[in-house]
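Colleague: I would like a close look at one part of this model, followed by whatever connects to it elsewhere in the chain. Please keep to what can be read from the coordinates.

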Amino acid sequence: WNSRAARTVTDILSARSVDLVNLQYSPSMYSASFKYAWRAAARQFPLVTSFHTLWGGGSINYLFALQLLSASRAVLATNTEIVYLLEKYLPIFLKKTRRIPIGSNIRPSSKSQHNVEVEYRLREGAPLLSYFGMCYPGKGMKTLFEVARVLKERLDYQLLLIGGGMSDDEPYRRQAVAQVEEYGVEDNVLWTGRLASDDVSTLLARSEAILLPYETGVSDRRGSLMAALAHGRAIVTTAPRIEGFPFRQRENMVWPERHGAEAFAELIVQVLGDEQLRKRLEL
C-alpha cells in the first residue's frame, strides 16, 4: 500500500462512480507514501473511515489521523480505545463517531474434520493452554515463553500456539524458536501454523485457558481476544492500560496484579486449580 496503490484505487473509484468509500485504517497497514497520496484522493469521494488504531509511531500518523477524522463524513470506532482517545484529545469528532465492535473472526464450530487429540498429540490429563493469533512484536511472545518455562517447574501441561504462523520478520521468528529451545519447553509448546477456522474453533473450545500476554495491555481491538470470548474460554491476559474497557477482573477475564512471568504463571495455576473461578470466567 504505497502512493501507486493510492492512485490505482483512485482511478478505479472514479471509473465506477462510487457513492461512498470506507477506508479500514490502522497506521501500520499503509506506507507513508500512501498516506501522503491519500490525502488528496480522499477529497474526491465521500469518505467513511473505520479506525482500528487511531495513531502511533511517527508524527505523520498523528497528522494523517487528524486529516482522516476531518475529511470523513462519519467515523467508525471499532473498539473502546478509539472512543477513549477521541473523548480525551479530540472530542470535536465524537458527534460523527459511531462504535461498531469488530467481533470474532472465528465463529464457534464443531465441523472440524480432524481428531485434534491425535493430530496434536494431546496428552491425557495434561492441561491444554492456548495462544491464538499471529506471532509478532507486541503480542507478548517473550513473556509467553518465559511463563512456559516457569510452568514447567510446577505442572505437566501443553501450550498450543494456534494459527497465524510466525511473523514475516525473520530475525523475530528465529528468536522466538530459539527462546523455546533455550527454555527447554520444546515438549510443551506446539506450533499449529495456519489452520482452517473450524479447526481453530475446535482447539479453542478444547483449551482450558487462553493466554494472551499483550505488551500494551488487553484491548477489544484484538481479534484474538474476541475469538477467545466468543468461545467462552477462561482468559489470562495483561491489565488494560486505558480506562473504560468492558473488562472486569475475575469476572470475564483475569490478569496478574504484578508484572513478570512468575505472577502470570501463578495466576494460570490458580485458574486451573479453582474450578469455580474458571467456570465464572467461561460464562
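What kind of unit do β1, helix α2 and β2 make, and of which hand?

Modeller: The model is a predicted one. In it, β1, helix α2 (residues 32-41) and β2 make a β-α-β unit, and the unit is right-handed. The two strands of the unit, β1 and β2 (residues 47-51), pair in the parallel sense, over five bridges. Within that pairing, N22 of β1 stands opposite V48 in β2.

In a regular strand the side chains alternate between the two faces of the sheet. Strand β1 (residues 21-25) follows this pattern: V21, L23 and Y25 point to one face and are buried, whereas N22 and Q24 point to the other face and are not buried. N22, the residue opposite V48, is thus on the face of β1 that is not buried.

Ahead of β1 is the loop that follows α1 (3-16), and S17 has its place in that loop. The backbone of S17 has a positive phi, near 50 degrees, in a residue other than glycine. S17 counts as exposed because its relative accessibility is 55%, and the cut-off for exposed is over 50%. A second residue with a positive phi that is not a glycine is R250, at about 65 degrees. R250 sits in the loop between β9 and α10 and is partly exposed, with a relative accessible area of 31%.

Further along the chain there is an open sheet of five strands. The order across this sheet is β7-β6-β5-β8-β9, and the pairing is parallel. β7 (189-193) and β9 (235-237) are its edge strands, each pairing on one side only. From one strand to the next the twist averages 25 degrees. Inside the sheet, strand β5 (residues 128-132) runs parallel to β8 and is joined to β8 by two bridges. L129 of β5 stands opposite A209 in β8.

Helix α9 can be tied to this region through one residue. S224 has its place in helix α9 and is buried, with a relative accessible area of 8%. Leaving aside residues up to four places away in sequence, S224 touches F132, K139, L212 and Y214. F132 is in the residue range of β5, and L212 is in that of β8 (209-212).

Two packed helices are described by the angle between their axes and the distance between the axes. For α6 and helix α7 (residues 170-182), the angle is about 10 degrees and the axes are 10 Å apart. The two helices are therefore roughly parallel to each other, the cut-off for that term being an angle under 35 degrees. On the α6 side the contact involves M141, K142, F145 and E146, which meet Y172, A176, Q179 and V180 in α7.

Charged pairs give the remaining links. Side chains of opposite charge can pair when their charged atoms come close. A search of the whole structure finds nine salt bridges. One of them joins D220 to R99, with the closest N and O atoms 2.7 Å apart. This pair links distant parts of the chain, 121 residues apart: D220 is in the loop between β8 and α9 (223-230), while R99 is in strand β4 (residues 97-99). The two partners differ in burial, because D220 counts as buried at 4% relative accessibility, whereas R99 is partly exposed with a relative accessible area of 40%.

Another salt bridge is formed by E262 and R154, whose closest N and O atoms are 2.5 Å apart. E262 lies in helix α10 (residues 261-273) and R154 in the loop between α6 (141-152) and β6 (158-162), so this pair ties together parts that are 108 residues apart in sequence. E262 is partly exposed, with a relative accessible area of 39%, and R154 counts as partly exposed at 40%.

A further salt bridge is found between the side chains of E251 and R248, at 3.0 Å from N to O. Both partners count as partly exposed: E251 at 44% relative accessibility and R248 at 43%. In addition, salt bridges with shared partners join R233, K279 and E282 into one network.

Technical notes:
Residues are numbered from 1 along each chain as its sequence is written. This is a predicted model: local features need pLDDT of at least 70, side-chain atom pairs count only at pLDDT 80 or more; totals for chains, interfaces and linings use all residues. Side-chain values use heavy atoms; hydrogens and water are left out. A salt bridge is a side-chain nitrogen of Lys or Arg within 4 Å of a carboxyl oxygen of Asp or Glu. Helices (H or I, at least four residues) and strands (E, at least two) are DSSP runs, numbered from the N terminus. Buried means under 20% relative accessible area, exposed over 50%, partly exposed in between (1.4 Å probe, protein chains only). Two strands pair if DSSP finds at least two bridges between them. A crossover is right-handed if, with the strands pointing away from the viewer, the path from the first strand over the helix to the second runs clockwise. Axes are lines fitted to C-alpha atoms, for helices over the stretch in contact, and angles run from 0 to 180 degrees between N-to-C directions. Angles under 35 degrees count as roughly parallel, over 145 as roughly antiparallel, 65 to 115 as roughly perpendicular and the rest as oblique. Contact means heavy atoms within 4.5 Å.
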